[in-house]
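Open the model in your viewer and keep the sequence panel beside it. The stops below say what to select and what is found there.

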Amino acid sequence: MGEQTAETSSATLMIDLIISLDGYASAEGWPGWWGLEGPEYLAWLEKEGEKDYTFLLGANTYRLMSSMSEEAAAEGSGFSENEGASLTGLAAVPKIVFSSTLQAPLTWPNSELVTGDAVEAVREMKRTRTGSLSTLGSLSLCRSLLTAGLVDRFRLVIFPVITGRTGQERIYDGYPDVSLEMVDSRIFDGRLQLLEYIPTVLSGPPGSSPA
């Protein structure tokens, strides 16, 4: 069976997602975090925000998140205090945006535009940079980086909801087969489950011969 794992490198790459139990990234009419964020989870998010991450995102996520961050900084935005702090804090974090349609300079602070192939650009970043790279949303980018074997960690926070009627942005559609070795797990606020894995992309079911 052929396998492809993340390459030996200085920088590490993590796919970081929040997800409903049935595999959606969001749901129409539901608030952020499906309304289930609690003090333990928010404290963990705050500590994670202090780490030296560089976020990777695509054009659609850039447009959405930069707009929300700007809106959250204004008075009477309608965001909760926790949502607002999370969104406005992203302005100070280094971000790399992959797009062939956006033009430099990007208006969201600390955003670097890359117009070339995202997979090859990230491959080079992992070879030449240090520190931690993490995706921000951008489901198609996550899928491409995982398929290319560039992902060192695959981390989920699973929210205990099923959004079969209102769910949006199915996360796993188009993914390759992947085996997952668990390296961390915990529970926040008695209901949110964090799972962190080392992923290995498979060319076929475990035990099969190489294609």
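Two strands count as paired when DSSP finds at least two bridges between them. The model shown is a predicted one.

**First stop: a hairpin.** Select strand E10 (178-188) and strand E11 (residues 192-202). The two strands run antiparallel and are joined by 10 bridges. To see one position across the pair, pick Ser179, which stands opposite Thr200 in E11. Then go to the turn, where 3 residues lie between the strands of the hairpin. Asp189 has a positive phi there, near 55 degrees.

**Second stop: the loop before E10.** Select Asp173, in the loop that runs from strand E9 (167-170) to strand E10. Is Asp173 buried, exposed or partly exposed? Its relative accessibility is 40%, so it counts as partly exposed. Now add Gly23 to the selection: 150 residues along the chain separate it from Asp173, and the C-alpha atoms of the two are 9.4 Å apart.

**Third stop: helix H1.** Select residues 39-49, which form helix H1. Which residues of H1 are buried? They are Tyr41, Leu42, Trp44 and Glu48. Looking down the axis of H1, you find these buried residues within an arc of 160 degrees, so they line one face of the helix. Turn the view to the face directed away from that buried side, and the exposed residues Pro39, Glu46 and Lys47 appear.

**Fourth stop: the aromatic rings.** Show the side chains of Trp33, Trp34, Tyr41, Trp44, Phe159 and Phe188, which ring pairs link into a cluster. Across the protein, the count of aromatic pairs is 10. Begin with Trp34 and Phe159: their ring centres are 5.0 Å apart and their planes meet at 40 degrees, so this pair is tilted. Trp34 sits in the loop between strand E3 (24-27) and helix H1, while Phe159 belongs to strand E8 (residues 153-159). The pair thus links distant parts of the chain, with the two positions 125 residues apart. Trp34 counts as buried because its relative accessibility is 5%, and Phe159 counts as buried because its value is 0%.

Keep Phe159 selected and add Tyr41. The centres of these rings lie 5.8 Å apart with planes at 85 degrees, so the pair is edge-to-face. Tyr41 in helix H1 and Phe159 in strand E8 are 118 residues apart, so far along the chain that this pair, too, links distant parts of it. Both Tyr41 and Phe159 are buried.

**Fifth stop: a charge over a ring.** Select Lys95 and Trp108. Lys95 lies over the face of Trp108, at 4.5 Å from the ring centre.

**Sixth stop: helix H5.** Select residues 139-147, helix H5. Its buried residues are Leu139, Leu141, Cys142, Leu145 and Leu146. Down the axis of H5 they fall within an arc of 160 degrees, so they line one face of this helix. Just after H5, select Gly149, which takes a positive phi of about 75 degrees.

**Last stop: the whole chain.** Clear the selection and show everything. The protein has 5 helices and 11 strands. Of its 211 residues, 44% count as buried. Among contacts with a separation of 6 or more, 74% come from residues 24 or more positions apart. The accessible surface is about 11,100 Å², and 50% of it belongs to carbon and sulfur atoms.

Technical notes:
Residues are numbered from 1 along each chain as its sequence is written. This is a predicted model: local features need pLDDT of at least 70, side-chain atom pairs count only at pLDDT 80 or more; totals for chains, interfaces and linings use all residues. Side-chain values use heavy atoms; hydrogens and water are left out. Helices (H or I, at least four residues) and strands (E, at least two) are DSSP runs, numbered from the N terminus. Buried means under 20% relative accessible area, exposed over 50%, partly exposed in between (1.4 Å probe, protein chains only). Contact means heavy atoms within 4.5 Å. Accessible areas come from the Shrake-Rupley method with a 1.4 Å probe; for residues, only the protein chains shown count as cover. Rings of Phe, Tyr and Trp (its six-membered ring) pair if their centres lie within 6.5 Å; planes under 30 degrees apart count as stacked, over 60 as edge-to-face and the rest as tilted. A charge sits over a ring if NZ of Lys or CZ of Arg is within 6 Å of the ring centre and within 35 degrees of the ring normal. The arc is that of the directions from the helix axis to the C-beta atoms.
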